[in-house]
Amino acid sequence: MKLVIFGSAFNPPTKGHEDAISHLLSDKHNFDRVLLIPSFRHAFNKQMLDYNYRKDLLADFVADIDDPRVDSLPIEDTISKDDHPVFTYDLLHHLSTSVFPEDELFFAIGPDNAKIWHKFYKADEITQRWSLIEVPERKPIRSTLVRRKIRLDEDISALVTPSVAKRIKQYKLYL
């Protein structure tokens, strides 16, 4: 199978992420599955909501998308050593050797990460071993915007899927 790995903080997952997934599932790429992998700890020390809440938000997001080709794979907490960040290279190596050894793996990056790709751990080795897919930003809906609107007590329903909005409200996340 052709699998594309889409890693992100998903802090929270947004309709921008949904649009990126739509791009990855288009006929242009012909992927069999998109696997969404939430960052356990951020390599560049980005502050994030607790991992368990983000896993739940991502599960809600995947349920709202309702496409059997899209799934969440919260695996980084099992790969992490001593609660340290899991680097992209280590994640892809683990997935290609232990989880999906028979499949062809691709790694999706957005324009922000494409700009700083050279800072990624073993970036050249990743590029040599796995194919990178740069996903264009067609809908500029970012998690930062969602978090800001939540803090300002503004409506986020146009920015996230219904179940994500419901969970955020229910647990008063990002306040």
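Mentor: Vocabulary first: helices (H or I, at least four residues) and strands (E, at least two) are DSSP runs, numbered from the N terminus. This is a predicted model, where local features need pLDDT of at least 70, side-chain atom pairs count only at pLDDT 80 or more, and totals for chains, interfaces and linings use all residues. Residues are numbered from 1 along each chain as its sequence is written, while side-chain values use heavy atoms, with hydrogens and water left out.

Trainee: Okay, in what order do the five strands sit in the open sheet?

Mentor: Two strands count as paired if DSSP finds at least two bridges between them. The pairing here is parallel. Following it through the open sheet gives the order E3-E2-E1-E4-E5.

Trainee: Which ones are the edge strands?

Mentor: Look for strands that pair on one side only. That picks out strand E3 (70-72) and strand E5 (131-134).

Trainee: What is the average twist from one strand to the next?

Mentor: Angles run from 0 to 180 degrees between N-to-C directions, and axes are lines fitted to C-alpha atoms, for helices over the stretch in contact. From one strand to the next, the twist averages 30°.

Trainee: And what angle does helix H1 make with E1?

Mentor: H1 (residues 15-24) packs on the sheet, touching E1 (2-8), E2, E3, E4 (104-109) and E5. Touching here is contact, meaning heavy atoms within 4.5 Å. The direction of H1 and that of E1 make about 165°.

Trainee: How many bridges join E1 to E2?

Mentor: These two strands run parallel. One bridge pairs leucine 3 with arginine 33 in E2. The number of bridges joining E1 to E2 is six.

Trainee: On the E4 side, which residue is the bridge partner of isoleucine 5?

Mentor: E1 and E4 pair in the parallel sense over five bridges. Lysine 2 stands opposite glutamate 104 in E4. For isoleucine 5, the bridge partner in E4 is phenylalanine 107.

Trainee: How many of the six residues of E4 are buried?

Mentor: Buried means under 20% relative accessible area, exposed over 50%, and partly exposed in between (1.4 Å probe, protein chains only). E4 is largely enclosed by the rest of the structure, because its buried residues number five of the six.

Trainee: Now helix H4. Within what arc do its buried residues fall?

Mentor: The buried residues are Thr88, Tyr89, Leu91, Leu92, Leu95 and Ser96. They line one face of the helix, because, seen down its axis (taking the directions from the helix axis to the C-beta atoms), they fall within an arc of 170°.

Trainee: At what angle does H4 run to E4?

Mentor: The buried residues of H4 pack against E1, E2, helix H3 (76-79), E4 and helix H6 (123-129). H4 (residues 88-99) itself lies across E1, E2 and E4. Its angle to E4 is about 155°.

Trainee: Are H2 and H8 roughly parallel or roughly antiparallel?

Mentor: The axes of H2 (residues 51-65) and H8 (residues 162-170) come within 7 Å and cross at roughly 150°. Angles under 35 degrees count as roughly parallel, over 145 as roughly antiparallel, 65 to 115 as roughly perpendicular and the rest as oblique. That pair is therefore roughly antiparallel.

Trainee: Which residues of H8 make the contact with H2?

Mentor: H2 brings Asp56, Leu57, Asp60, Phe61 and Asp64. From H8 come Pro162, Ser163, Val164, Arg167 and Ile168.

Trainee: Which residue joins asparagine 11 through a cis peptide bond?

Mentor: Omega of this bond is about 0°. The partner is found in the loop between E1 and H1. That partner is proline 12.

Trainee: Is phenylalanine 10 buried or exposed?

Mentor: Phenylalanine 10 lies in the loop between E1 and H1. Phi is near 45°, a positive value in a residue other than glycine. With 0% relative accessibility, phenylalanine 10 counts as buried.

Trainee: What about aspartate 153, buried or exposed?

Mentor: Aspartate 153 lies in the loop between helix H7 (143-151) and H8. Phi here is also positive, near 55°. At 72% relative accessibility, aspartate 153 counts as exposed.

Trainee: Last one: how far apart in space are phenylalanine 120 and phenylalanine 44?

Mentor: Leaving aside neighbours within four places in sequence, phenylalanine 120 is in contact with Phe44, Thr88 and Asn113. In sequence, phenylalanine 120 and phenylalanine 44 are 76 residues apart. In space, C-alpha to C-alpha, they are apart by 9.5 Å.
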